[in-house]
Amino acid sequence: MILDEDKNIVVKCRHIKKTYGSGESKVFALRGIDLDVYQGELVMLVGPSGCGKTTFISIISALLEADNEGFCRVLGEDLSTLNSQEKTYFRGHSIGFVFQAFNLLPALTAVENIAIPLLIQGVNRAVAMKRAQTILDLVGLTSRSQAMPGELSGGEQQRVAIARALIHSPKLIICDEPTSSLDHESGQLILELLRSFVKKEGKTLIVVTHDNRIFNFADRMAYMDDGRIVKIETNVRTPDEKLL
Ligand SMILES: Nc1ncnc2c1ncn2[C@@H]1O[C@H](COP(=O)(O)OP(=O)(O)OP(=O)(O)O)[C@@H](O)[C@H]1O
Ligand SMILES: [Mg+2]
């Protein structure tokens, strides 16, 4: 059900809070987050370790439930109204998520890992594998297609995870530290790939990062601290900047 009048709004969060645990061990991970993200935007979320970044993007992608306050609407869906089957469908079709710890399946090859989202959707195996190979080429891993995750370097695993997040052409891509294991050059290439995916295909991207070498790829920067967004800045570009 489309709930927002503004069709270009992809994420609309108000007063999102999240506490973990109870009693003395209670952690106030999010203390009231408001954020709007629009179609075609690349928003980076930055802030110190433990400030709530992973918690926040896990809520946006329906991997985690917020406390019973405020609301989070993503692609027109009020996430609090979805049952677990609907959340699985929503994630499988609309979201591409790159986990901080990659979460590759150890018994599958690189190319098979990338194909998973399409196989889950019921796409024919040969078609899924062909498309997976194409994306694997795009992230520069052509020769590693048959390698198992355990045989890949951290940076290679990260690129497999990014390819897996793009293969089903999701409307919203969410990446948790996508360049943490990449050298400068690979990091720039991955951000160029992600940014062109967003700009050419009208997708939307939220990137959690500590890596100031990639800040210039963002349209907007949202700074978090202690469970809150404390500042949002728009990146101003000069006309000769070559970004899409
Ligand atoms: N499952 C959990 N149970 C209890 N506390 C948790 C849980 N997950 C996260 N926390 C706590 O919530 C707070 C926010 O954690 P979160 O993982 O969102 O931070 P982060 O900004 O992603 O940090 P980092 O940059 O280190 O990845 C931290 O204090 C963390 O210890
Ligand atoms: Mg984190």
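**Ring pairing, ligand shell and loop positions**

At 26% relative accessibility, Phe99 counts as partly exposed, a class that lies between the cut-offs of under 20% for buried and over 50% for exposed residues. The structure described here is a predicted model, and the values reported below were computed from it. Phe97, in contrast with the partly exposed Phe99, has a relative accessible area of 12% and is therefore classed as buried, since this value is under 20%. The search for paired aromatic rings returned a count of one pair. This pair is formed by the rings of Phe97 and Phe99, whose centres lie 4.6 Å apart and whose planes meet at 55°, so that the arrangement is classed as tilted. The assignment follows because an angle of 55° is neither under 30 degrees, as stacked rings would require, nor over 60, as an edge-to-face pair would require.

The surroundings of ligand 1 were examined next. The shell around ligand 1 comprises 13 residues, of which Ser49, Gly50, Lys53, Thr54 and Thr55 come nearest. With regard to secondary structure, strand E2, spanning residues 27-38, and helix H1, spanning residues 53-60, each contribute at least two residues to the shell around ligand 1. Helix H1 provides the largest share of this shell, namely three residues. Sorted by residue class, the shell around ligand 1 contains seven polar and five nonpolar residues, together with one charged residue.

Polar atoms of the protein approach oxygen atoms of ligand 1 from both backbone and side-chain positions. A polar backbone atom of Gly50 is found 2.8 Å from an oxygen atom of ligand 1, and a backbone N or O atom of Cys51 is placed 3.3 Å from an oxygen atom of ligand 1. From a side chain, an N or O atom of Gln100 lies 2.9 Å from an oxygen atom of ligand 1. Ligand 1 taken alone exposes 640 Å², and the protein buries 60% of that area.

The cysteines were considered in turn. A disulfide is a covalent bond between the sulfur atoms of two cysteines. The structure holds zero disulfides. Cys13 has a relative accessible area of 0% and is buried, and Cys72, at 5% relative accessibility, likewise counts as buried; both assignments hold because the values are under 20%.

Two residues other than glycine adopt positive phi values, and each is located in a loop. For Phe102, phi is near 70°, and the residue is found in the loop that runs between strand E6, residues 95-98, and helix H3, residues 110-120. With a relative accessibility of 10%, Phe102 counts as buried. For Ser169, phi is near 55°, and this residue is found in the loop between helix H5, residues 154-166, and strand E7, residues 172-176. Ser169 has a relative accessibility of 28% and is therefore classed as partly exposed, since this value lies between the cut-offs of 20% and 50%.

Separations along the sequence and in space were compared for several residues. Ile206 is placed in strand E8, which covers residues 204-208, and at 2% relative accessibility Ile206 counts as buried. Although Ile206 and Ile57 are 149 residues apart in sequence, their C-alpha atoms are 8.3 Å apart in space. Asp67 is situated in the loop between H1 and strand E4, residues 71-74, and its relative accessibility of 23% places Asp67 among the partly exposed residues. Asp67 and Ser80 are separated by 13 residues in sequence and by 9.7 Å in space, C-alpha to C-alpha. Gly23 lies in the loop between strand E1, residues 9-20, and E2, and it counts as exposed because its relative accessibility of 61% is over 50%. The C-alpha atom of Gly23 is separated by 49 Å from that of Gly140, which stands 117 residues away along the chain.

Notes
Residues are numbered from 1 along each chain as its sequence is written. Chains are lettered from A and ligands numbered from 1 in the order in which they are written. This is a predicted model: local features need pLDDT of at least 70, side-chain atom pairs count only at pLDDT 80 or more; totals for chains, interfaces and linings use all residues. Side-chain values use heavy atoms; hydrogens and water are left out. A residue is near a molecule or strand if one of its heavy atoms lies within 4 Å of it. A polar contact is a pair of N or O atoms within 3.5 Å; within protein, one must be able to donate a hydrogen and the other to accept it, and residues adjacent in sequence count only if both atoms are side-chain atoms. Accessible areas come from the Shrake-Rupley method with a 1.4 Å probe; for residues, only the protein chains shown count as cover. Helices (H or I, at least four residues) and strands (E, at least two) are DSSP runs, numbered from the N terminus. Ala, Val, Leu, Ile, Met, Phe, Trp, Tyr, Cys and Pro count as nonpolar, Asp, Glu, Lys and Arg as charged, and the others, Gly among them, as polar. A disulfide is a pair of cysteine sulfur atoms within 2.5 Å. Buried means under 20% relative accessible area, exposed over 50%, partly exposed in between (1.4 Å probe, protein chains only). Rings of Phe, Tyr and Trp (its six-membered ring) pair if their centres lie within 6.5 Å; planes under 30 degrees apart count as stacked, over 60 as edge-to-face and the rest as tilted.
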